[in-house]
Amino acid sequence: MSRETLLARALDDVWTRQRGRVAIREGPRDLTFEELLRWSQAVCRALEPFVRAPGERVATVLPNSAEFVAAFAGIARLGAVVAPLHPGYREQELRYYLTDLAPAAIVAEPELAPAVAAVSSTLEPRPALLTISARGEPNVLEAGGGARRAIARAGGSPPLLQQYTSGSTGVPKRVVRTHANLLAELEVLRTAFEIDPEDRFVGLTPFSHVNGLVRTMLASMYVGARLYPLREFHRRRTLDLMTRERITFFGGVPSMFAILSQTPPRGGVDLSALRLVFSSSAPLSAVDRQRFQTVYGVMLRQLYGSTETGTISFNRQPTPGPGPQSVGPPLDGVRIAVVDGGGRLVAPGAEGEFVIQSPFAASEYLDNPRATQESFGAGGYASGDVGTVDPSGYLTIVGRKKLFINRGGFKVNPYEVEEAIRQHPKVSDVVVFGRPGPYAEEVVHAVIVTTAPCTPDEIVAHCRERIADYKIPARIEFRDGLPKSSTGKIIRYQV
């Protein structure tokens with residue numbers, strides 16, 4: 001059978017040229033590009049008997065690690081579709097995603113293999129199950145068997161990656177991107193990030209998520225840079241690693257920067273080698289951005305992207321200057337239209353929904369024509385994000401279309417209210433949303449996590465100095481924490 005492996009060939013070329021250099025440093029273990037290439041080839045050979053047609057899916061249940069990198073490249077080399085699942089998933093989650101994927105095979109962390117096997121053994125047809133040792137040796141635990149439906153080519157390019165939307169507002173939708181989508185994105189990111197083989201990337205955000213997968217793992221491996229995968233986020237260990245190894249590139253999520261900026265100084269923390277630091281996957285508060293910059297002397301930039309589109313824009317301002325909350329201009333090849341509720345273009349500078357056309361983007365939700373028509377039927381991807389584009393082309397996001405609260409006819413942006421509340425010195429986290437009120441309208445509801453005892457009256461008085469009365473929460477409750485995804489995004493429907 002014909003197997004087109006465009007991205008795998010591009011990685012092979014880079015890894016062959018860089019063969020003697022360290023590709024991955026993980027704790028005491030160093031892995032050269034030559035060794036990484038051999039690992040990925042071994043994974044490919046081990047999977048080949050179980051992947052019978054191009055486009056069949058192989059799921060991974062692996063933490064950030066050299067094994068993840070080798071598995072991704074090995075699966076891509078085989079012409080299969082990589083379906084990365086978060087290694088923290090429990091039985092119910094694994095059962096949902098593995099049933100939906102119907103993979104030909106699963107590559108799992110050895111410690112997670114028993115839990116994965118307990119779920120995969122109930123699937124029909126049963127997938128093969130493999131692990132990878134600490135020396136890069138694949139081990140087949142279950143051979144599996146049976147025919148599976150492959151994903152068809154899209155737009156002339158073979159499929160490579162299947163991921164799911166976060167599911168924060170409903171059932172997760174299947175997003176498939178092709179070799180051409182990812183190659184185009186990586187080539188543009190190389191220029192936008194100005195990265196080269198001398199860069200040193202810390203891999204903190206999960207490689208199972210689009211942010212860590214593409215903008216850290218693949219971006220570093222695509223240029224032949226060094227990658228430092230971390231399986232968990234520990235603030236002290238992270239700061240020690242970035243200081244010791246002179247890390248130059250750090251892509252994270254807002255919760256990481258909030259935690260790091262509130263970490264009391266200890267020892268000789270020095271992040272001066274950081275050349276590029278960006279936040280993505282959720283809104284970054286101005287308070288956390290400024291605090292991080294004050295503590296570490298490093299400008300924290302914002303990046304805008306999604307599972308469906310890949311990277312959309314990136315704030316590359318050389319100095320803090322005006323507009324640090326902007327997510328920057330669109331990347332090369334990406335076009336943004338700003339439209340009103342009827343799909344008409346708004347006046348320049350006016351607020352509207354972003355509709356995105358991009359060579360990096362998926363073209364549909366797999367096997368979901370209704371959702372595809374709703375989101376991809378307007379000449380691009382209708383993001384649901386509301387914002388503005390200034391005369392220089394810089395995007396600023398003001399909220400989510402579906403999250404706006406209708407307060408007696410006034411539209412309330414929950415992110416604006418959250419930003420105001422977050423400025424209170426006792427507040428460490430907050431989420432705001434609409435709840436049905438007594439008079440057939442929504443009321444503003446705030447759930448707040450504090451660092452010290454606090455009362456609703458304190459919050460209301462604080463808000464009155466910052467936002468209009470109709471935006472002030474009518475209901476306020478305090479909790480010990482908020483439910484968050486692996487990328488630090490608040491799971492609003494679980495609040």
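**Notes on helix α3 and the four-stranded sheet**

1. Starting with the α2–α3 contact: L36, L37, W39, S40, Q41, V43, C44 and L47 of α2 meet A66, E67, V69, A70, A71, A73, G74, I75, R77 and L78 of α3. Contact here means heavy atoms within 4.5 Å. By class, this contact of α2 with α3 has 13 nonpolar, three polar and two charged residues. For the classes, Ala, Val, Leu, Ile, Met, Phe, Trp, Tyr, Cys and Pro count as nonpolar, Asp, Glu, Lys and Arg as charged, and the others, Gly among them, as polar.

2. A word on provenance. This is a predicted model, in which local features need pLDDT of at least 70 and side-chain atom pairs count only at pLDDT 80 or more, while totals for chains, interfaces and linings use all residues. Residues are numbered from 1 along each chain as its sequence is written, and side-chain values use heavy atoms, with hydrogens and water left out. Helices (H or I, at least four residues) and strands (E, at least two) are DSSP runs, numbered from the N terminus.

3. Back to the geometry of that pair. Two packed helices are described by the angle between their axes and the distance between the axes. For α2 (residues 33-47) and α3 (residues 66-78), the axes come within 7 Å and cross at roughly 55°. That makes α2 oblique to α3; the scheme is under 35 degrees for roughly parallel, over 145 for roughly antiparallel, 65 to 115 for roughly perpendicular, and oblique for the rest. Axes are lines fitted to C-alpha atoms, for helices over the stretch in contact, and angles run from 0 to 180 degrees between N-to-C directions. The α2–α3 crossing is right-handed, meaning the near helix is turned clockwise from the far one by less than a right angle (anticlockwise would be left-handed).

4. α3 also has α1 to deal with. The axes of α1 and α3 come within 8 Å and cross at roughly 125°, which makes α1 oblique to α3. Here the crossing is left-handed. L7, A8, L11, D12 and W15 of α1 make the contact with V69, F72, A73, A76 and R77 of α3. Those residues divide into eight nonpolar, no polar and two charged.

5. Two residues to click on: T5 and L78. T5 lies in the segment before α1 (6-17) and is buried, with a relative accessible area of 8%; buried means under 20%, exposed over 50%, and partly exposed in between (1.4 Å probe, protein chains only). Leaving aside residues up to four places away in sequence, T5 touches A76, R77, L78, G79 and H179. L78, found in helix α3, counts as buried at 1% relative accessibility.

6. Now the sheet. Four strands form an open sheet in the order β16-β17-β18-β19, with antiparallel pairing; strands pair if DSSP finds at least two bridges between them. β16 (335-339) and β19 (395-400) are the edge strands, each pairing on one side only. Neighbouring strands are turned by 50° against each other on average, direction ignored.

7. Within the sheet, β17 (residues 352-357) is joined to β18 (residues 381-389) by four bridges and to β16 by five, also antiparallel. To check the register, V355 has A382 as its bridge partner in β18, and I336 has I356 in β17. β17 is mostly covered: five of its six residues are buried.

8. One last distance: the C-alpha atoms of L78 and Y394, 316 residues apart along the chain, are separated by 40 Å.
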